[in-house]
Structure formats: C-alpha cells, structure tokens
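Visitor: I've got a structure to look over and a few questions about it. Could you walk me through it?

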Amino acid sequence: MQTLTVELEDRSYPINIGAGLLRQRSLLQAALPARDILLVSNTTVAPLYAEAVRSALTDRRVVEVVLPDGEQHKTLATAGRVFDVLVANRFARDALVVALGGGVVGDLAGFVAACYQRGVDFVQIPTTLLAQVDSSVGGKTAVNHPGGKNLIGAFHQPREVLADTDVLGTLPERELQAGLAEIIKYGLICDRPFFDWLEQNIEALRRRDDAALAHAIFRSCQIKAQIVGRDERERGERALLNLGHTFGHAIEAATGYVDWLHGEAVGAGLLIAASMSQRLGGLAAADVDRLRVLLGRAGLRTVAPQIGADQAAHFMSVDKKVKSGRVRLVLLHSLGKAYISGDYPDAALQDTLRAHFGA
Ligand SMILES: NC(=O)c1ccc[n+]([C@@H]2O[C@H](COP(=O)([O-])OP(=O)(O)OC[C@H]3O[C@@H](n4cnc5c(N)ncnc54)[C@H](O)[C@@H]3O)[C@@H](O)[C@H]2O)c1
Ligand SMILES: [Zn+2]
C-alpha cells in the first residue's frame, strides 16, 4: 500500500492506494472510526463490494443506502432521500458518511456529509478509475440541477480516501478508458516524465496491470493533492485541473450527457486544448500528434462530435469557468506545462472550434 497526504492543515488527510485494501479489516476499522456509519453506494457497486465494508464493521451501527445507478440521479431529490435516512436513524454530529462507488456516489454522499448537521465526517472509497484519480480527492462535492451540472455543492474534504485497485477488475472497459483521460491530463498539466511513462505503459494500464495502475493512480493523486494543497478553493492554480474540461463540457452538454462519458469528453477536450495551444504558437505540431496517438491508444475518441462552432462556444460560455464575461482556458506551453489564460485572440478560438466542431 502507498500513502500520500493532502496537506490542508487541520483538514489534512491520507490517500491510501493499493491492491486488496477492502480485504484488510484492520485498515477499514481504522479508517472508519465512528459508531454510527452511513454507507452510501449504488445498485451496481453495493452487490459487489458493500459486504467487504460491512463485514469489517460488525461492532458498529452501519446503515446502508443503495442509490439507483447513474448521473441522472445525482440530484437534490436523491440527496433528500439520504438525509431522510440519516434523520430517521437519528444519526448525530458524530456520524460518519462513507461513499462507496464512482464519482456520482462520491459527489452526492460528500454533499450530504457537508450539509447534514452543518457537516459530518466522510470517507471516500472510490471504485472507478476516474474517482480514484480525481473526484475522490480535493473536497468538491455537488449535485446537479436541471439548469446545469454540479451547480449545487460545497467544499467538504474527506477524512480519508481508500483506493483499492482490485475493484477496478469489474469496471466496464469504457469507464476504465474514461479514467485514463484524466490521468493523461495530469501528465500534460505539469509532469512530462509522467506523460512519457504513460506512453510506455498505456497497454499495461488497459490490461489493468496492478503495478501500472497503482503507479498511475499514485502519481495522479499526488499531483492533484499538491495543487489542492496550494489552492483549495480554486482561486488560481487549481483551475489548471480543468485542462480539456471547458471543451469537454461543451461536448457533454451539446450531446445531452448520453453519448459521451465525462472522461471521454475530457479526452477529446485535451486534444482541442492542445490544438488551440498550437494555433497560438506555444505547442509544437509533433506534440499535438503525440497526444492524439496516446489518446487513441488509450481507446479514447479523438474526433469531437460535429455540434458546430457556435453551439460549442455557447456551451463553453455557460460553463462555470467564465470570469467577467470571458472564458478562461487552460492551454499548454508544452507537454507537461499548462497555463491559464483569458487573454487570447478570439479568432484563434473561433478557428479552433470550427476545426474541431465543424462550422
Ligand atoms: N468532485 C470532483 O472533483 C469531481 C471530479 C471529476 C468528476 N466528478 C463527478 O464524477 C462523476 C463521474 O464519476 P464516474 O466517472 O466515477 O462515474 P459513475 O460514478 O457514474 O460510475 C460509472 C459507472 O461505473 C459503475 N461502477 C463504479 N464502480 C464500479 C466497479 N468497481 N465495478 C463495476 N462497475 C462500477 C457505476 O455504477 C456506474 O455505472 C460526475 O458526476 C462528475 O461530475 C467530480
Ligand atoms: Zn474531469
């Protein structure tokens, strides 16, 4: 097992990564130190992994909430159901909420923990690759609103993150690939050697080789932890983590959140960000090609849907990353060096959008 720490003073917490963590009773008992535990999962993950958690906690009161599976259930109404269970069971301020699942369960359970009695402890047990490298770390919690994704939320850091690489064995291949897009993102943002390592190990990752997965998850979490430790509330640097996301959100929104998984849209978005960076003269054409090849080898789509440049621009402008009317973009100086900019020629963005989304 490898451990690293998100350094946030009195809210610092460990991220534990390794194979078979859910089989270690003593580890679970130590990580979940409360008498009253609310275990939140969904109809897909609970039958696979809830018993492992429950059986380690026979001396506690464990109440389980099994949510329907899917992003469409990440709503205030579903959160309301979870609040009802907490209240009905008279859970108090010392209760612990445990999220067992992907990013949907983690975001929703974290949001519930942030609000219940003005905040109770919570622990993340992420079960998708995307959740293990991204959503379980950093304390962003939210539910969706019909008017937009993640519009209602709070910053609430977990007390601990337990990422068991064994659970990835049951993950559908598309979900695994979607997680790889976020991993590639970290290399692009600030770690060229990690990007090189990904080029050498992408097949091993797709085969779900334990050692390769553990390394990729560890390095991804380390990068995210460092950035979050310096800028918890996204006043500056944390926005680098949105590389590929402004373009990706346009893809997700324009296609109604059904054809493209979040990570898949991010993968295509990374390539568009790279292409825009090339247009601005920062990134070499050969580096854009390297990225395109790596995304393809990861099984990701590199051609964006032809939603049209105007529609893409529209969805980019309703994304949360707009500051005083201007879309701030995360762009690349080189592979491994990202920067944030609101100061780019509009024509370059227009041309990029036309090239990738059609006129
Ligand atoms: N809080 C953050 O910082 C942050 C960051 C990125 C994404 N997110 C959010 O995360 C969500 C996406 O998360 P996701 O990609 O994990 O999707 P998800 O939670 O929907 O999980 C994907 C699918 O895999 C299933 N699944 C989960 N673990 C499994 C396992 N071990 N074996 C088999 N099936 C399994 C789930 O039931 C689901 O059907 C979005 O709502 C997004 O907004 C949040
Ligand atoms: Zn993402």
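Guide: Happy to. Keep in mind that this is a predicted model. Let's start at the ligand.

Visitor: Which lysine offers a polar backbone atom to a nitrogen atom of ligand 1?

Guide: We want a backbone atom paired with a ligand nitrogen, and the cut-off for a polar contact is 3.5 Å. A pair at 2.8 Å fits that. The residue is lysine 140.

Visitor: How much of ligand 1 does the protein bury?

Guide: Start with the ligand by itself: taken alone, ligand 1 exposes 870 Å². The share of that area buried by the protein is 88%.

Visitor: Which elements give two or more residues to the shell around ligand 1?

Guide: Two or more residues each is the bar here. Three helices clear it, α2 (46-56), α4 (103-115) and α5 (129-135), along with the strand β8 (148-155). So, by name: α2, α4, α5 and β8.

Visitor: What other backbone atoms make polar contacts with ligand 1, and which residue pairs with an oxygen atom of the ligand?

Guide: Valine 167 has a backbone N or O atom 3.0 Å from a nitrogen atom of ligand 1, so that one pairs with nitrogen. The oxygen atom of ligand 1 sits 2.8 Å from a polar backbone atom of another residue. That residue is glycine 103.

Visitor: On to the sheet. Which strands are at the edges?

Guide: Seven strands form an open sheet with mixed pairing, in the order β1-β2-β9-β6-β5-β3-β4. An edge strand pairs on one side only. That gives β1 (2-6) and β4 (61-67).

Visitor: Inside that sheet, which residue of β6 stands opposite leucine 100?

Guide: Strand β5 (residues 96-101) runs parallel to β6 (residues 121-126), and six bridges join them. Leucine 100 faces a partner in β6. The partner is isoleucine 125.

Visitor: At what angle does helix α3 run to β4?

Guide: Helix α3 (residues 76-88) lies across β3 (36-42) and β4. Its angle to β4 is about 160 degrees.

Visitor: Last one: which residue takes a positive phi in the hairpin of β12 and β13?

Guide: These strands run antiparallel, joined by five bridges, and leucine 332 stands opposite alanine 338. Two residues lie between the strands. The one with phi near 100 degrees is glycine 336.

Methods. Residues are numbered from 1 along each chain as its sequence is written. Chains are lettered from A and ligands numbered from 1 in the order in which they are written. This is a predicted model: local features need pLDDT of at least 70, side-chain atom pairs count only at pLDDT 80 or more; totals for chains, interfaces and linings use all residues. Side-chain values use heavy atoms; hydrogens and water are left out. A polar contact is a pair of N or O atoms within 3.5 Å; within protein, one must be able to donate a hydrogen and the other to accept it, and residues adjacent in sequence count only if both atoms are side-chain atoms. Accessible areas come from the Shrake-Rupley method with a 1.4 Å probe; for residues, only the protein chains shown count as cover. Helices (H or I, at least four residues) and strands (E, at least two) are DSSP runs, numbered from the N terminus. Two strands pair if DSSP finds at least two bridges between them. Contact means heavy atoms within 4.5 Å. Axes are lines fitted to C-alpha atoms, for helices over the stretch in contact, and angles run from 0 to 180 degrees between N-to-C directions.
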